[in-house]
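User: I am new to this structure and would like a close look at a single part of it, followed outward into its surroundings. Please take it slowly and connect the pieces as you go.

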Amino acid sequence: MNITPLAESFAFEVTEVDIASEINEKDFSAIQNTFHNCGVMLFRDQQLSEKQHIDFSRRFGPLEIHIARQYLLEGHPEIVVLSNKVENGKALGIEDAGRFWHSDLSYMHNPSLGSLLYALQVPPPEAGGNTPYASMYAAYDALDDSMKERLKSLRAVHSYEQRWQKDANRGMQRTQLDDNEREMLPEVSHPIVRPHPITGRNALYINEGFTVQIEGLTESESQALLDELFAHSTQQQFVYTHNWRAGDLIMWDNACVVHSASWYDPAYTRHLHRTTIAGPA
Ligand code: OGA
Ligand code: MN
C-alpha cells in the first residue's frame with residue numbers, strides 16, 4: 001500500500017490497496033492517521049459490495065443512519081443513495097447532496113466524523129458533478145493572530161431547517177420534513193474554532209450551508225463575520241477538487257474539511273453510495 005499526496009493539496013491517494021479484501025491493522029492505522037490529520041483520501045478502481053463498503057466504514061467508528069429515510073438502500077440502511085435515477089416514478093436517491101459548502105451533519109449536536117462516498121456511475125468530466133473539498137485546518141492556520149483571538153471564544157448556530165427553507169424557497173427538490181424529523185433537528189451551536197475530536201488540532205468549523213448565526217453578535221455583525229470566514233475558508237489554495245470516475249471511493253473528515261456538490265448535466269446518470277461515520281459522543 002502507498003499513500004501519496006495529490007498535487008499541491010491536503011488530499012491523499014491510496015494506491016495498491018483493495019478495500020474489498022481485509023486491510024491489515026498496520027495499513028488500516030496508516031490510513032486512519034492520514035485521514036484525521038489531512039482530511040481527504042482517495043481510493044481508485046475499487047469494486048465494493050454494499051457490505052464491504054459498510055464493513056470498511058465501520059472500522060472508523062459507528063455509522064449513522066441518514067435522516068432521509070426514503071433514500072436509504074434497501075437492506076443496508078447504513079448506505080444513503082445519491083442519485084438522479086428514477087425507477088417506476090420513484091427517485092432512487094438524493095439528486096443533489098447540497099450545492100453549497102457544508103460539513104455533513106454539522107447541524108447535529110454530535111456532528112459526523114467522516115463520510116465515505118463510493119461512485120458507481122458518474123457523468124463524464126465535461127458534464128460536471130465534481131466535488132470540491134476545502135481544508136479547514138489550513139483555513140484556520142492561515143488566519144492572522146488577531147482573528148484567531150477574536151474567534152477563540154465564539155460559537156455559531158447551525159440549522160438544517162433554515163437551510164431546507166432557503167432551498168425550498170429557491171424551488172429546489174426537497175423532501176418534506178415531518179414533525180419527527182424536526183424534533184430530531186433542533187438548532188445546535190458549535191465553537192467556531194473547534195479542536196478536532198481525535199487529533200485535537202484546531203479547525204475552523206463554520207460552513208455556508210448550515211451555519212446561520214454567531215451567538216452574542218448582532219444579526220449584521222454576525223453575517224459580516226460569517227461571510228468573511230466563508231470566503232476565507234474556501235479560497236483556491238485550501239481546495240482540492242475531485243473529478244470522479246466510477247470505482248472511486250473518497251473519504252473525507254467532516255471535522256476538518258468542508259465540501260460541496262456541483263451542478264451536473266441531468267442527461268447523465270450520477271449514482272453513488274454514502275456511509276456516514278458518527279462523531280465521538
Ligand atoms: C455528500 C455530498 C457531494 C457530491 O455525499 O455528502 O455532499 O458531489 N456529496 O455528491
Ligand atoms: Mn455532503
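What spacing do the donors of the manganese ion (ligand 2) follow along the chain?

Analyst: In this predicted model, the donors of the manganese ion (ligand 2) follow the spacing H-x1-D-x154-H along the chain. The protein donors behind that pattern are His-102, through NE2, Asp-104, through OD, and His-259, again through NE2, and they lie 2.1 to 2.2 Å from the ion. The two histidines link distant parts of the chain, for they are 157 residues apart: His-102 sits in the loop between strand S7 (90-91) and strand S8 (114-121), whereas His-259 belongs to strand S17 (residues 257-259). Both His-102 and His-259 are buried.

The three donors also lead to an enclosed space, since His-102, Asp-104 and His-259 are among the residues that line the second largest cavity, which has a volume of about 120 Å³. The lining of this cavity further includes Leu-82, Ala-97, Leu-117, Thr-131 and Trp-252, together with Ser-260, Ala-261, Arg-270 and Arg-274. By class, the residues of that lining divide into five nonpolar, four polar and three charged. In the structure there are five cavities of 30 Å³ or more.

Strand S7, which marks one end of the loop that holds His-102, also takes part in the largest pocket, where strand S4 (72-73) and S7 each supply at least two residues of the lining. About 190 Å³ of space lies in this pocket, and the residues along it run from Gln-70, Tyr-71, Leu-72, Leu-73 and Glu-74, by way of Val-81, Lys-85 and Glu-87, to Lys-90, Ala-91, Leu-92 and His-271. Sorted by class, the lining of the largest pocket has six nonpolar, two polar and four charged residues.

Just before S7 in the description of the chain comes Asn-88, whose place is in the loop between strand S6 (86-87) and S7. Because its relative accessibility is 83%, Asn-88 counts as exposed, and it has a positive phi of about 50° although it is not a glycine. Most residues other than glycine have a negative phi, which puts that value in context. Asp-45 likewise has a positive phi, of about 55°, without being a glycine; it lies in the loop between strand S3 (40-43) and helix H2 (50-58), and with 58% relative accessibility Asp-45 counts as exposed.

The packing of the protein gives a further setting for the site. In soluble globular proteins, nonpolar side chains tend to be buried together. Here the largest nonpolar core has 41 residues, and those with the most contacts inside it are Val-40, Tyr-133, Leu-151 and Ile-192. Leaving out residues up to four places away in sequence, Ile-192 touches Leu-151, Leu-154, Arg-155 and Ala-156, then Ala-203, Leu-204, Tyr-205 and Ile-206, and also Ile-214 and Leu-229. Apart from this largest core lies another, of 23 residues, with Val-17, Ile-31, Phe-35 and Leu-249 among them.

Finally, Thr-34 offers a view of a buried residue in a helix, as its place is in helix H1 (residues 25-38) and, at 14% relative accessibility, it counts as buried. Setting aside neighbours within four places in sequence, Thr-34 is in contact with Ile-3, Phe-12, Gly-39 and Met-41.

Methods: Residues numbered from 1 in each chain as written. Chains lettered and ligands numbered in written order. Predicted model: local features only at pLDDT ≥ 70, side-chain atom pairs only at ≥ 80, totals over all residues. Heavy atoms only, no water. Donors = N, O, S within 2.8 Å, 3.2 Å for Na, K, Ca; no water. Helix = DSSP H or I, 4+ residues; strand = E, 2+ residues; numbered from the N terminus. Buried < 20%, exposed > 50% of the residue type's maximum accessible area, 1.4 Å probe, protein only. Core = buried A, V, L, I, M, F, W, Y, C linked by side-chain atoms within 4.5 Å. Contact = heavy atoms within 4.5 Å. 1 Å grid on protein atoms, 1.4 Å probe; cavity = no way out; pocket = protein on both sides within 12 Å on 5 of 7 lines; lining within 4 Å. Points joined across faces, edges and corners; volume = space filled by probe spheres on them. Nonpolar A, V, L, I, M, F, W, Y, C, P; charged D, E, K, R; others polar.
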